[in-house]
Structures are given as structure tokens and as C-alpha cells.
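This short report looks at a pocket and at a pair of packed helices. The sequence and the structure come first.

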Amino acid sequence: MNNTAERIGAKNSNFVNPHGLHDDNHYSTPREIAAIMAYAMDNELCRTIMSATNYTTVHTPEHPQGITMYSTGFSRMSATKFGTAQVV
């Protein structure tokens, strides 16, 4: 993740774990987080998952029904269509 972040211009960011839970060595800037988010939104699967109110993973032998994840991130928004962000 750090290599990809640096490749897209996030030179003042460092990530210690993939889940984002607190660590004193995690750091970034608002501009770089926006750039990382824009990069993530270019990935169709990532965009689908992050914009859904719920998402069920593919079925596996361990989870024959898949795993359904729920997001409350958009629960207070009334818009149904969002534009694109641009880092300047």
C-alpha cells in the first residue's frame, strides 16, 4: 500500500496495517488521502463496494452464503448521484 501511495504522489503518508485501525506510525495529509481515494474510485470493484449500502462477498467453502457487509457512510446523505473529486 505504501508503494502504491507513493507511486500516485502520496509522499507524506505512511500506513502500517491494511485495516486502518489506529497506529502511531499511520500518517497522511488531507490532500494525499483525497488522491488515494480518487485512485481507489478508479477501480470498479472498489467503487462498487464503497458506494453500496451493503455488499455480499463471493461465496466460498468457508462462507457458503458469502459475507454481507453494511455501510452507514451514506446514511445521512440525500443525494443519489455523486460527482468526481479532483486533487489540485
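What follows covers the second largest pocket, one histidine in its lining, and a helix pair.

The model is predicted.

**Pocket.** The second largest pocket holds about 220 Å³ of space. Its lining is made up of M1, F15, N17, P18, H19, G20, H26, I33, I36 and M37. Six of these lining residues are nonpolar and four are polar. None is charged.

**H26.** This lining residue sits in the loop between α1 (2-7) and α2 (30-41). Its side chain comes to 3.3 Å from the backbone oxygen of L21. Beyond neighbours within four places in sequence, H26 touches N14, F15, V16, N17, G20 and L21. Among these contacts, F15, N17 and G20 also line the second largest pocket.

**Helix pair.** Two packed helices are described by the angle and the distance between their axes. For α2 and α3 (residues 44-51), the angle is about 110° and the axes lie 7 Å apart. Angles of 65 to 115 degrees count as roughly perpendicular, so α2 is roughly perpendicular to α3.

The residues that meet are listed by helix.

| Helix | Residues in the contact |
|---|---|
| α2 | M37, A40 and M41 |
| α3 | C46, R47 and M50 |

By class, five residues of this contact are nonpolar, one is charged and none is polar.

**Shared residue.** Which α2 residue of the helix contact also lines the pocket? M37 does: it belongs to the lining of the second largest pocket, and in α2 M37 takes part in the contact with α3.

Terms used. Residues are numbered from 1 along each chain as its sequence is written. This is a predicted model: local features need pLDDT of at least 70, side-chain atom pairs count only at pLDDT 80 or more; totals for chains, interfaces and linings use all residues. Side-chain values use heavy atoms; hydrogens and water are left out. On a 1 Å grid over the protein atoms alone, a cavity is a set of points where a 1.4 Å probe fits but cannot get out, and a pocket is an open set with protein on both sides within 12 Å along at least five of seven lines; lining residues have an atom within 4 Å of a point. Grid points are joined across faces, edges and corners, and a volume is the space filled by probe spheres set on the points. Ala, Val, Leu, Ile, Met, Phe, Trp, Tyr, Cys and Pro count as nonpolar, Asp, Glu, Lys and Arg as charged, and the others, Gly among them, as polar. Helices (H or I, at least four residues) and strands (E, at least two) are DSSP runs, numbered from the N terminus. A polar contact is a pair of N or O atoms within 3.5 Å; within protein, one must be able to donate a hydrogen and the other to accept it, and residues adjacent in sequence count only if both atoms are side-chain atoms. Contact means heavy atoms within 4.5 Å. Axes are lines fitted to C-alpha atoms, for helices over the stretch in contact, and angles run from 0 to 180 degrees between N-to-C directions. Angles under 35 degrees count as roughly parallel, over 145 as roughly antiparallel, 65 to 115 as roughly perpendicular and the rest as oblique.
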